[in-house]
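The following note is offered to a colleague who is meeting this structure for the first time. Please read the numbered points beside the sequence and the coordinates.

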Amino acid sequence: MAPITAKKNGKKHALKLKDTKGAKKAKVEVKSSSSSDEIASSSDEDDDVESGVLDGEESEEEDELDEVSEEDELDQESDEEQAEQKEESGSDDNENEEGSSDEKKAGKEGPGQHAEQRKLLKERKMQRKSGAEVQQIKSLWERLRVNNPPVPKPVREKLSNEVWELSKDCISDLVMKHDASRVVQTLVKYSSKERREQVINALKGKYYVLATSSYGKYLLVKLLHYGTKQSRQVIIDELHGSLRKLMRHREGAYVVEDLYVLYASQEQRQQMLREFWGAEYAVFRDAHKDLTLEQVCESSAEKKNIICKNLIGTISASVDKGSTGFQILHAAMGEYVKIAGDKEISEFIEVLEDKFAELVHTPEGAEVCCTLIARATAKERKTIIKNLKDHADNLIRNEHGNTVFVTALMCVDDTVMMFKSFGPAIKDRLQSIVVDKFGRRPFLYILLGLDGKYFSPVVKTELQKYIKLSENTSKKPFEQRRKELLNKFAPMYLSTIAKYYDLILEENLGCQFISEVLVNDEFYEQLGEQDKARFQEVIDTIIAYFKGDITDEKHPIHRPYSVRLLKSLIQGGKWNAKEKKLEPLRSVQGLGHDFAQKFYEDIIDETNLLDWINNVDSSFTVVALYESLSKAGDKKLTKDLKKVAKKIDQESNNNKGARLLVKLMNEKA
DNA sequence: CAAACCCCGGCTTT
DNA sequence: AAAGCCGGGGTTTGTA
């Protein structure tokens with residue numbers, strides 16, 4: 001692994017640790033991704049970060065302690081841990097906890113006690129099964145793991161062989177202990193394919209226990225990481241049938257999530273999910289291969305009931321455990337809502353309670369959330385919105401979250417509530433949301449509906465699916481909701497543009513947005529008298545924005561979208577590319593000819609006309625001006641153009657605007 | 001709108 | 001396990 005990776009991981013981890021203290025409540029940010037990071041990085045660190053031994057260990061155990069209180073019934077449920085293992089792992093756990101708290105105490109109270117504690121700990125360790133070997137292996141490992149300077153390869157091989165010789169017979173004892181499990185991790189990391197294969201085989205029959213062990217899980221994840229397709233299959237096969245139980249397990253759930261997200265193939269994922277349907281589908285898995293949920297449910301209402309019950313069982317257990325952010329869970333939820341009836345949907349909404357925000361960052365999770373919003377009753381929608389509004393900014397900017405917000409905008413009848421909920425959170429950030437690739441979408445929706453320009457066919461079809469689903473519970477005519485929202489949001493759009501025009505105009509997406517706002521009859525018609533006046537001020541502001549010497553490279557005209565914006569304002573209408581004609585505005589004032597006139601006066605006049613024509617970036621502006629003004633019989637520009645006609649640069653190949661202008665002038669004459 | 005373009009994830013290769 | 005290729009998507013751009 002490259003040092004860069006190590007560094008990155010270390011950093012990530014450090015950040016994460018800081019978080020765990022203060023930000024329990026602020027875990028809106030993708031929990032699922034952190035799950036994999038957490039496991040990967042905290043175990044990586046052992047090997048890669050030089051100074052990390054104590055830090056890593058301590059923090060890990062701190063996490064451990066944190067979680068202990070959350071302990072649930074599942075440990076008992078987990079089949080009494082295989083008689084032989086039970087005693088061992090039980091005492092092991094205890095010792096580790098003691099160990100960590102001892103260590104901490106010692107750290108505070110003085111070195112003398114510390115040493116004593118250490119000795120005690122060591123003695124206890126020696127008494128454990130394979131204790132002597134463990135100590136020996138560990139000392140070898142200490143030499144193996146050093147990374148600064150890195151151990152030369154031959155030495156590494158030798159050490160690693162020695163470790164393997166010592167550990168291969170008691171490997172299953174090693175992997176459950178927090179220190180020794182690291183030895184095996186390092187071993188796996190520095191081993192050949194064959195050796196890894198051997199480790200995989202030596203651990204056969206242990207993977208369930210491994211997955212549920214707070215230390216073993218790191219090794220398991222490592223094995224998955226370095227493993228081949230086959231070895232992954234071995235592990236998956238073995239865990240297969242226990243997934244539902246694992247999902248309810250504190251450690252196991254993380255392993256399953258990692259497996260699902262990072263290592264399982266599409267087919268394996270499908271299989272994992274099918275296991276959540278019920279025991280039948282886990283046991284006879286080959287018989288049920290290629291089975292889709294819809295098929296099964298259609299074939300028998302009884303089966304459907306059972307599957308529903310099983311799914312919601314796993315889902316609510318995991319949600320209660322705080323695993324709402326897991327992707328595998330989102331996928332399971334996705335299946336559930338696909339077959340759920342209205343009653344089940346209501347129950348599901350209750351299960352999720354205030355955790356909706358944890359769903360919206362993954363494709364599946366967002367889909368679930370959208371479906372729920374679409375199918376929910378007015379009252380249920382209100383609770384969902386109430387929950388989501390606290391995460392408005394993250395929700396709206398997120399690639400998937402934004403569709404959830406759009407769905408809410410499309411489906412919720414109570415637009416007053418929508419505006420009250422989200423308005424305040426949005427108000428001060430609209431200038432940055434509006435230039436965000438995803439964040440701007442909901443606001444373009446309010447402005448234009450599901451315009452194909454901003455909603456790709458895939459997204460659009462999906463959103464239309466939700467519209468269809470919402471028809472049972474939404475009462476207003478579809479377009480009415482958008483109009484009402486536009487009415488409420490329009491003043492906010494306007495004041496944001498007025499205040500932050502320079503920030504927004506700096507971005508391509510921002511120019512595009514402003515153009516959509518200004519060249520829009522519906523928008524203008526929603527404005528009151530006072531806002532209509534402000535609208536004119538905004539237009540003047542934009543005109544003034546283009547003042548200045550365009551031979552200066554920093555002039556805004558040299559940014560690609562500026563011309564497009566100006567052109568749309570000068571034309572005063574939307575270009576319909578299908579019909580190849582301009583659709584003039586019916587009610588907006590101050591654009592089109594008016595705008596052109598002002599622009600050819602305040603910004604361009606006979607003194608700098610030639611500059612604007614002979615520059616590639618700006619020439620099309622003049623073309624637009626010419627078309628707009630000459631059509632209206634405005635002679636000033638035509639006259640000025642004649643004066644400079646001879647100096648227009650028609651030679652350079654790339655100034656197509658200039659040449660087009662000349663062509664148009666000749667046609668006229 | 002359509003063509004050009006770029007970026008990313010998955011796959012194959014050594 | 002890293003490097004390179006390919007295809008599909010989304011975005012940019014060209015200018016009607």
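1. Helix α35 (residues 560-571) supplies the largest share of the surface near DNA strand C, with 5 residues. The model is a predicted one. The residues around DNA strand C include P560, Y561, R564, K567 and Q571. The others listed around the strand are Y226, K437, S456, W575, K580, F620 and K656.

2. By class, the surface near DNA strand C is made up of 5 nonpolar, 2 polar and 5 charged residues. As for the strand itself, 31% of its atoms within 4 Å of the protein belong to sugar or phosphate, and the rest belong to bases.

3. Polar side-chain atoms approach DNA strand C at both backbone and base positions. For S456, such an atom lies 3.2 Å from a phosphate oxygen of the strand. R564 places a polar side-chain atom 2.2 Å from a base nitrogen, and W575 has one 2.7 Å from a base nitrogen.

4. How do helix α38 and helix α40 pack? Helix α38 (residues 619-631) and helix α40 (residues 656-668) have axes 7 Å apart, at an angle of about 20 degrees. Angles under 35 degrees count as roughly parallel, and therefore α38 is roughly parallel to α40. The crossing of α38 past α40 is left-handed.

5. The contact between these two helices involves S619, F620, V622, V623, Y626, E627 and S630 of α38. On the side of α40 the residues are K656, G657, A658, L660, L661, L664, M665 and K668. Together the residues of this contact divide into 9 nonpolar, 3 polar and 3 charged. F620 of α38 and K656 of α40, which take part in this contact, are also among the residues around DNA strand C.

6. A further partner of α38 is helix α39 (residues 635-644): the two axes come within 8 Å and cross at roughly 130 degrees. Because of that angle, α38 is oblique to α39. L625, Y626, L629 and S630 of α38 make the contact with L637, T638 and L641 of α39. Its residues comprise 5 nonpolar, 2 polar and no charged ones. Y626 and S630 also appear in the contact of α38 with α40.

7. Another helix pair deserves a reader's attention. Helix α34 (residues 529-545) packs with helix α36 (residues 593-602) at an angle of about 35 degrees, and their axes are 10 Å apart. Here α34 passes α36 in a right-handed crossing, whereas α38 passes α40 in a left-handed one.

8. Which residues of α34 and α36 meet? From α34 they are I539, D540 and I543, and from α36 they are F595, K598, F599 and D602. By class, this contact has 4 nonpolar, no polar and 3 charged residues.

Notes. Residues numbered from 1 in each chain as written. Chains lettered and ligands numbered in written order. Predicted model: local features only at pLDDT ≥ 70, side-chain atom pairs only at ≥ 80, totals over all residues. Heavy atoms only, no water. Axes fitted to C-alpha atoms, helices over the stretch in contact; angles between N-to-C directions. Helix = DSSP H or I, 4+ residues; strand = E, 2+ residues; numbered from the N terminus. Parallel < 35°, antiparallel > 145°, perpendicular 65-115°, else oblique. Left-handed = near helix turned anticlockwise from the far one by under 90°. Contact = heavy atoms within 4.5 Å. Nonpolar A, V, L, I, M, F, W, Y, C, P; charged D, E, K, R; others polar. Near = heavy atom within 4 Å. Polar contact = N/O pair within 3.5 Å; in protein donor to acceptor, adjacent residues only side chain to side chain.
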